[in-house]
Amino acid sequence: MPVEEFVAGWISGALGLVLGHPFDTVKVRLQTQTTYRGIVDCMVKIYRHESLLGFFKGMSFPIASIALVNSVLFGVYSNSLLALTATSHQERRTQPPSYTHVFIAGCTGGFLQAYFLAPFDLIKVRLQNQTEPRGQLGGPPPRYRGPMHCAASIFQKEGPRGLFRGAWALTLRDTPTLGIYFVTYEVLCRQYTPEGQNPSSATVLVAGGFAGIASWVTATPLDVIKSRMQMDGLKRRAYQGVLDCMVSSVRQEGPGVFFRGVTINSARAFPVNAVTFLSYEYLLRWG
Ligand SMILES: CN(C)C(=N)NCCC[C@H](N)C(=O)O
C-alpha cells in the first residue's frame with residue numbers, strides 16, 4: 001500500500017486548512033446562529049467583539065487532526081483506485097481510470113474519513129460558536145476553555161457516543177460529495193492537459209478550486225444539518241435525528257435554510273482546495 005499518498009494528503013490538507021479557517025468560522029456562525037444579517041455583518045461583529053483571534057477559534061484541533069483525516073481521505077481514495085484499476089498515481093496519467101471508478105473511490109474515501117473527522121469537527125464547531133472574547137476580565141467565562149476541555153466535558157456528560165454527535169449527517173454529507181470532488185478534479189485536469197502529460201500548476205489550481213466549489217455547493221444542505229445537530233443538546237435537545245432536524249429547520253426558516261453559508265463555503269472552497277491539490281500533486285511527483 002503506497003504510504004506517500006497518505007503523507008501528501010496530510011501536508012496538503014494542513015496548508016489548505018489554515019488558509020480557509022477564518023471563512024469556516026463565519027460559515028459555522030451563519031449556519032447555527034440567527035444574530036447575523038449576512039457575511040459582512042458576521043465578519044464585522046467577530047472582529048469588533050473578539051478581534052482577529054475570533055476568526056481562528058477552534059483551529060488547533062483540526063490542525064492536529066488533519067494528518068489523520070486528510071491522509072485517510074487521499075490515502076483511501078488512491079488505494080481504492082489502485083484496487084479498482086490496478087494503476088498507481090503515476091500510471092494514471094497514461095491510463096486514466098473511468099469516472100465511475102473515480103467516483104466510487106472518492107465516495108469510499110469520503111465515507112471512511114467521516115468517522116475520523118466526526119469528533120474533531122464537533123469540537124471545532126462547538127468552539128467556533130463561542131462568542132465570548134478570549135481572556136476578557138469580568139465577562140462571562142466561555143463554556144469550554146479549549147479543545148481538550150471541550151472534548152473532556154462532552155465525554156463526561158454524554159459518554160464516548162457524545163463525541164460522535166452529528167456523525168451520521170457528516171457521513172451523508174461526505175460520501176457522495178467526495179465522489180463529486182474527485183470526479184470534478186479529474187474532468188477538469190483531463191480537459192486542459194495534453195494526453196499522457198501531467199497537468200500544469202495552473203490547471204491543478206483551477207481544477208482543485210472548482211472541485212472544492214462543486215463539492216461544497218452540493219454538501220451545503222447536509223452541512224447546515226450537520227452543524228445544527230452538533231450544536232444540539234447544549235441547552236436542551238431540539239432534534240430527534242437528521243430527518244427531524246431537516247423538517248423543523250425548513251418549517252421554521254423555509255427551504256432557503258439549506259443554502260445558509262453557501263456563498264462563504266464556495267469562497268473558502270476555491271483557495272483551500274486549489275492549494276490542497278497543488279501541494280498534493282507536487283508532493284507525489286517529488287516523492
Ligand atoms: C465537500 N467536502 C466535504 C469536501 N470537499 N471535503 C474535502 C475537504 C477538502 C478541504 N479540506 C476542505 O475543507 O475544503
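**A tour from Arg 228 to the ligand**

Start by selecting Arg 228, which lies in helix H7. Keep in mind that this is a predicted model. Is Arg 228 buried or exposed? Its relative accessible area is 9%, so Arg 228 counts as buried, because the cut-off for buried is under 20%. Now show the side chain of Arg 228 together with Gln 31. A polar atom of that side chain lies 3.1 Å from the backbone oxygen of Gln 31.

Next, select the ligand. The ligand sits in the largest cavity. Three helices each give two or more residues to the shell around the ligand: H6 (167–191), H7 (201–231) and H9 (262–286). Colour H6 on its own. Helix H6 supplies the largest share of the shell, five residues.

Now bring up the residues that surround the ligand. Select Arg 173, Asp 174, Thr 177, Leu 178 and Tyr 181. Add Ser 215, Trp 216 and Ala 219. Finish with Arg 268, Val 272 and Asn 273. What is the mix of nonpolar, polar and charged residues in this shell? Five are nonpolar, three are polar and three are charged.

Zoom in on the side chains that reach polar atoms of the ligand. At Ser 215, a polar side-chain atom lies 3.0 Å from a ligand nitrogen. At Trp 216, a polar side-chain atom lies 2.8 Å from a ligand oxygen. At Asn 273, a polar side-chain atom lies 3.0 Å from an oxygen atom of the ligand.

Last stop: switch on the surface. Taken alone, the ligand exposes 380 Å². The protein buries 91% of that area.

Definitions and conventions
Residues are numbered from 1 along each chain as its sequence is written. This is a predicted model: local features need pLDDT of at least 70, side-chain atom pairs count only at pLDDT 80 or more; totals for chains, interfaces and linings use all residues. Side-chain values use heavy atoms; hydrogens and water are left out. A residue is near a molecule or strand if one of its heavy atoms lies within 4 Å of it. A polar contact is a pair of N or O atoms within 3.5 Å; within protein, one must be able to donate a hydrogen and the other to accept it, and residues adjacent in sequence count only if both atoms are side-chain atoms. Accessible areas come from the Shrake-Rupley method with a 1.4 Å probe; for residues, only the protein chains shown count as cover. On a 1 Å grid over the protein atoms alone, a cavity is a set of points where a 1.4 Å probe fits but cannot get out, and a pocket is an open set with protein on both sides within 12 Å along at least five of seven lines; lining residues have an atom within 4 Å of a point. A molecule sits in a cavity or pocket if more than half of its atoms lie within 2 Å of its grid points. Helices (H or I, at least four residues) and strands (E, at least two) are DSSP runs, numbered from the N terminus. Ala, Val, Leu, Ile, Met, Phe, Trp, Tyr, Cys and Pro count as nonpolar, Asp, Glu, Lys and Arg as charged, and the others, Gly among them, as polar. Buried means under 20% relative accessible area, exposed over 50%, partly exposed in between (1.4 Å probe, protein chains only).
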